[in-house]
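Hi everyone, thanks for making the time. Please pull up the sequence and the model on your screens, and let's walk through it together.

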There are 2 protein chains.
Amino acid sequence: MHPELQLDNQICFRLYTAARLITQAYTPLLNQLGITYPQYLVMMVLWEQDAQPVNDIARRLVLETNTVTPLLQRMEKQGVLVRTRGKEDKRQQIVSLTEKGREMEERAFQLIPRGMGEELKACPLKLKDYLRLAEELDSIINSLKNK
Amino acid sequence: MHPELQLDNQICFRLYTAARLITQAYTPLLNQLGITYPQYLVMMVLWEQDAQPVNDIARRLVLETNTVTPLLQRMEKQGVLVRTRGKEDKRQQIVSLTEKGREMEERAFQLIPRGMGEELKACPLKLKDYLRLAEELDSIINSLKNK
DNA sequence: TTTTGTTAAATCGTTTGCGATATAAATATT
DNA sequence: AATATTTATATCGCAAACGATTTAACAAAA
């Protein structure tokens, strides 16, 4: 009836679906590392800069601490990171990689980019398309993030 | 270290973030209808074609029945739809809108498109960009869906 | 017809995501 | 200094997602 309410006209439904399917494509690869996709995001943040407080990680991932804290607790239990009280500010929990967490980076590098390339080899998009897609997504993200 | 493992180079992280933020933007609007975003997707499927078995709804949303079934159970409890056993095939649950569910369409039409336009008015993308974005997302979705 | 296999939903357990609230430490105010 | 406010995390409850398994009905094969 109302074309505005049809699923096929919804950008949001496509984003929602594409995000889920890509996450699913990551899953068999990440299983080999013993982590989930959101946990992989945390690992990338820490590989880039180790020893960060919870808040910085959450901000980087555009998530709230009530999502990140339990995630970090599970990851600490798995032994890929540790949380220690901040020295200057005792409210902070500083999150640092363990040896196991640091070692995972090289294995991820061997597995993930190659594996995801394989998963997406049926996709007709070229590098240029992905770059433009990234920009378009960034402009959506930025206009919604600061509200 | 490895640029392939940097968050800023991840299309997937952008999809994941954009999908979450857009869903969050829908939330205050959908609250006025008393439903969540995934429930809204189910409503759109049923507004387009009423009285469908669970499987058809799941397929349309690219979800599994183990996600859709509890969703439908909650929606039935809220009184927007009913589930009845299929007549020819008694394994099927036929999902149909109630009067309350049908009435919601017009309110959604008044609220959602206008409200989301408002939410995204800071976004510089034009209609043409959204159309291309939709195509790009479709090609990602299609290459991952059939696996 | 009995057996075997397939299909449609549902159930179970775990991880996310998030609104709301709580706790404790740091900072600002009086 | 004592009080009030802000900030950093954590906790709680609920709704999604999803892999794995179960149940019941249908279909195909022996």
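Let's start with P53(B), which sits opposite I94(B) in β3(B). This is a predicted model, so please hear everything I say in that light. The strand facing us there, β3, covers residues 93-97 of chain B, and two bridges connect it to β1(B), with the two running antiparallel. Zoom out a little and you get an open sheet of three strands in chain B, ordered β1-β3-β2, with antiparallel pairing. β1 (52-53) and β2 (81-85) of chain B are the edge strands; each has a single partner, so one side of each has no neighbour in the sheet.

Now on to the nucleic acid, beginning with DNA strand D. How many residues surround DNA strand D? There are 26, and the closest are R20(A), Q24(A), R91(A), T36(B) and Q39(B). Of the strand D atoms that come within 4 Å of the protein, 71% belong to sugar and phosphate. Some individual pairs, for those of you who like distances: a polar side-chain atom of T36(B) is 2.4 Å from a phosphate oxygen of strand D, and R74(B) places a side-chain N or O atom 3.1 Å from a phosphate oxygen of that strand. R91(B), on the other hand, has a polar side-chain atom 3.5 Å from a base nitrogen of strand D. By residue class, the surface near strand D splits into six nonpolar, twelve polar and eight charged.

What about DNA strand C? It is surrounded by 26 residues, the closest being T36(A), R74(A), Q24(B), R83(B) and R91(B). Sugar and phosphate make up 72% of the strand C atoms within 4 Å of the protein. Looking at phosphate oxygens of strand C, a side-chain N or O atom of R74(A) is 2.7 Å from one, for Y16(B) the distance is 2.8 Å, and for Q24(B) it is 2.4 Å. The elements giving two or more residues to this surface are α2 (37-48) and α4 of chain A, plus α1 (11-31), α3 (54-61) and α4 of chain B.

Last stop, the interior. Which residues touch the most other members of the largest nonpolar core? Y40(A) and Y40(B) do, in a core of 108 residues. α1(A) supplies the largest share of that core, 14 residues. If you click on Y40(B), you'll find L5(A) among its contacts, along with Y26(B), L30(B), I35(B), W47(B), A108(B) and I112(B), leaving aside residues up to four places away in sequence.

Conventions. Residues are numbered from 1 along each chain as its sequence is written. Chains are lettered from A and ligands numbered from 1 in the order in which they are written. This is a predicted model: local features need pLDDT of at least 70, side-chain atom pairs count only at pLDDT 80 or more; totals for chains, interfaces and linings use all residues. Side-chain values use heavy atoms; hydrogens and water are left out. A residue is near a molecule or strand if one of its heavy atoms lies within 4 Å of it. A polar contact is a pair of N or O atoms within 3.5 Å; within protein, one must be able to donate a hydrogen and the other to accept it, and residues adjacent in sequence count only if both atoms are side-chain atoms. Ala, Val, Leu, Ile, Met, Phe, Trp, Tyr, Cys and Pro count as nonpolar, Asp, Glu, Lys and Arg as charged, and the others, Gly among them, as polar. Two strands pair if DSSP finds at least two bridges between them. Helices (H or I, at least four residues) and strands (E, at least two) are DSSP runs, numbered from the N terminus. A nonpolar core is a set of buried Ala, Val, Leu, Ile, Met, Phe, Trp, Tyr and Cys residues joined through side-chain atoms within 4.5 Å. Buried means under 20% relative accessible area, exposed over 50%, partly exposed in between (1.4 Å probe, protein chains only). Contact means heavy atoms within 4.5 Å.
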